Amino acid sequence: MRTMRGNRARLVVDSVHAMHAGTGTHHAERNDEDALARMFQIWLQPLAPGGTPRWAMGSCSKAQPDVRFVTLASGDPADVRAGALPIDADARVGIATLREGVSMRLALDLPQSAYVVTDHGRIDIAGIRLEPRAGAIAGC
């Protein structure tokens with residue numbers, strides 16, 4: 001359960017939520033279900049301090065295993081027009097689903113970097129093996 005400024009939402013499987021605290025907000029999360037909850041929570045540096053608090057939610061429809069990223073949330077207006085949740089950060093949050101043994105290459109324009117984490121399974125990034133739910137920064 002997530003609450004923000006009097007709003008309440010039930011987090012469900014494959015949902016994605018974007019929140020901007022802005023000038024301040026009361027925020028709480030708790031698991032009211034009988035089952036264990038697993039989620040990723042990512043905090044990003046906003047483009048500017050302050051602003052109006054807001055939040056949005058959508059479906060995290062997982063990418064088909066076709067070796068590409070699907071953008072879930074972005075500070076790029078073109079991504080938002082294409083269906084990504086808007087965020088107030090110079091960032092893009094994406095998901096990719098890969099079959100075992102499949103490799104993927106992600107080119108970053110310097111000075112861009114990427115934070116990569118696996119939900120389950122193992123991945124190798126530049127010769128470093130990441131176990132499930134471990135993350136690494138690439139391309140600094």
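The exercises below work through a predicted model of a protein chain, each with a solution in steps.

**Exercise 1. Overall layout**

Determine how many helices and strands the protein chain has, in what pattern they follow one another, and what share of its residues is buried.

*Solution.* Begin with the count: the secondary structure of the protein chain comes to 1 helix and 12 strands. Next, place the elements along the sequence, where the pattern reads β-β-β-β-β-β-α-β-β-β-β-β-β. Then turn to burial, for which the cut-off is a relative accessible area under 20%; buried residues account for 19% of the 140 residues in the protein chain. The exposed surface of the protein chain is about 10,200 Å², and carbon and sulfur atoms supply 52% of that area. Finally, consider contacts between residues at least 6 apart in sequence: 57% of these join residues at least 24 apart.

**Exercise 2. The largest nonpolar core**

Identify the residues that make up the largest nonpolar core, the strands that each supply at least two of them, and the contacts of A18.

*Solution.* The largest nonpolar core has 9 residues in all, namely V16, A18, C60, L72, A73, L85, I87, A89 and I95. Two strands, β3 (15-20) and β6 (70-74), each supply at least two residues of this core. Now take A18, one of the core residues, and set aside its neighbours within four places in sequence; the residues in contact with A18 are then R54, W55, A56, L85, P86 and I87. Of these contacts, L85 and I87 are also listed among the members of the core.

**Exercise 3. A sheet of three strands**

Work out the strand order of the open sheet that contains β6, which strands lie at its edges, and how β6 and β7 run relative to each other.

*Solution.* The open sheet has 3 strands in the order β7-β6-β8, and its pairing is mixed. The edge strands are β7 (85-86) and β8, each of which pairs on one side only. Examining the pair β6 and β7, one finds that these strands run parallel and are joined by 2 bridges. At the level of single residues, S74 stands opposite P86 in β7.

**Exercise 4. Salt bridges around R92**

Of the 7 salt bridges in the structure, describe those that R92 forms with D76 and with D79, and state which parts of the chain they link.

*Solution.* Start with the pair R92 and D76, whose closest N and O atoms are 3.4 Å apart. This salt bridge links distant parts of the chain, since R92 is in strand β8 (residues 92-95) and D76 in the loop between β6 and α1 (77-81), 16 residues apart. Continue with D79 and R92, whose side chains meet in a salt bridge with an N to O distance of 2.6 Å. Because D79 lies in helix α1 and R92 in strand β8, this pair ties together parts that are 13 residues apart in sequence. Last, compare accessibility: R92 is exposed at a relative accessible area of 52%, D76 is partly exposed at 29%, and D79, at 15%, counts as buried.

**Exercise 5. The network of R38, D119 and R133**

Find the distance between the closest N and O atoms of D119 and R38, explain which parts of the chain this pair ties together, and place R133 in the chain.

*Solution.* The closest N and O atoms of the salt bridge between D119 and R38 are 2.5 Å apart. D119 lies in the loop between β9 (114-117) and β10 (123-125), whereas R38 lies in the loop between β4 (27-29) and β5 (54-59), so the pair ties together parts that are 81 residues apart in sequence. As for accessibility, D119 is partly exposed, with a relative accessible area of 28%, and R38 is exposed, with 51%. R133 is found in the loop between β11 (128-130) and β12 (135-138), is partly exposed at 34% relative accessible area, and has a positive phi near 70° although it is a residue other than glycine.

**Exercise 6. A nonpolar surface patch**

Name the residues that form a nonpolar patch on the surface with F40, and decide whether F40 counts as buried, partly exposed or exposed.

*Solution.* The patch consists of F40, I42 and L44, which together have about 280 Å² of accessible area. F40 itself is placed in the loop between β4 and β5. With a relative accessibility of 42%, F40 counts as partly exposed.

Terms used
Residues numbered from 1 in each chain as written. Predicted model: local features only at pLDDT ≥ 70, side-chain atom pairs only at ≥ 80, totals over all residues. Heavy atoms only, no water. Core = buried A, V, L, I, M, F, W, Y, C linked by side-chain atoms within 4.5 Å. Buried < 20%, exposed > 50% of the residue type's maximum accessible area, 1.4 Å probe, protein only. Helix = DSSP H or I, 4+ residues; strand = E, 2+ residues; numbered from the N terminus. Contact = heavy atoms within 4.5 Å. Areas by Shrake-Rupley, 256 points an atom, 1.4 Å probe, with all protein chains shown as cover. Salt bridge = Lys/Arg side-chain N within 4 Å of Asp/Glu carboxyl O. Pairing = 2+ DSSP bridges. Patch = residues over 30% accessible without salt bridge, like charges linked within 9 Å, V, L, I, M, F, W, Y side chains within 5 Å.
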